[in-house]
Amino acid sequence: IEAARVAQGLVIWNPAPAPRDGVPLELLESVDVLVPNQTELALLAGHAGPVGPDEAIRLARQLPAASVVVTLGSEGALAVAGGDAVHVPAPDVRPVDTTAAGDSFCGALAERLFAGDDLVAAAQWAVRVGAATTLRAGAQPSLPTRDEVERVVKENHYRSVDPKCRAMAFSALDTSKGKAIKGFLPLSSRVLGKRFGRRHPR
């Protein structure tokens, strides 16, 4: 909690493995981008039973983190911010070993957010990297180069995010650090920008 409170950049947390007795709400409130898989999401939300995409969106919206990116394995990921969500599909690959896929996803997501990408664009790159990671056995040896990721995208006819889901651009001011966090959400009748980013100044 203290590390998240004093952090000067975006706080990205991958709760792996998620504690079965839950985590303090204060910690979740300090997170800018929470990155759980479906099982971890269920534990954090106190949900018993399977978590499909629709349920994942509902549970992610209940958490006090500013935004949530739920990894869905071969189905890609869900980017949830404010009241809306975007499904980010993954390339269709034949996995050899999924050992490091989650770690490479988180690393790729953080790298693109640091570079200034919006949440959906960062998640889109992360699912590509995660998919490419599954094509070799091992942990470190399976981590792909940028060229290898691009080759996977090209060879597997990657399905990108529906353009209609990127029609609303938004930016929100992170009031605790005085910088903008940018992203995209689906078409909506509401202006959602102010709900992305940290909800409460530290």
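Visitor: Which residue of strand 4 stands opposite Thr71?

Guide: Good place to start in this predicted model! Strand 3 covers residues 67-71 and pairs with strand 4 in the antiparallel sense, over five bridges. Across from Thr71, in strand 4, stands Ala77.

Visitor: And in strand 5, what is the bridge partner of Ala77?

Guide: Strand 4 also pairs with strand 5 (residues 84-88), again antiparallel and over five bridges. In that pairing, the partner of Ala77 is Val88.

Visitor: Which residue in the turn between strand 4 and strand 5 has a positive phi?

Guide: Let's look at both hairpins. Strand 3 and strand 4 have five residues between them, and Gly73 in that turn has a positive phi of about 65 degrees. Strand 4 and strand 5 have two residues between them, and there the positive phi, about 60 degrees, belongs to Gly82.

Visitor: Are the residues on the two faces of strand 4 buried or exposed?

Guide: Take one side at a time: Ala77, Ala79 and Ala81 lie on one, with Leu78 and Val80 on the other. Five of the five residues of strand 4 have under 20% relative accessible area, so the strand is largely enclosed by the rest of the structure. Both faces are covered, and their residues are all buried.

Visitor: How many helices and strands does the chain have?

Guide: You can follow them along the sequence, where the pattern reads α-β-α-β-α-α-β-β-β-α-α-α-β-β. Each α is a helix and each β a strand. The totals come to seven helices and seven strands.

Visitor: What percentage of the residues in the chain is buried?

Guide: Now we step back from strand 4 to the whole chain. Out of its 202 residues, the buried share is 48%.

Note on methods. Residues numbered from 1 in each chain as written. Predicted model: local features only at pLDDT ≥ 70, side-chain atom pairs only at ≥ 80, totals over all residues. Heavy atoms only, no water. Buried < 20%, exposed > 50% of the residue type's maximum accessible area, 1.4 Å probe, protein only. Helix = DSSP H or I, 4+ residues; strand = E, 2+ residues; numbered from the N terminus. Pairing = 2+ DSSP bridges.
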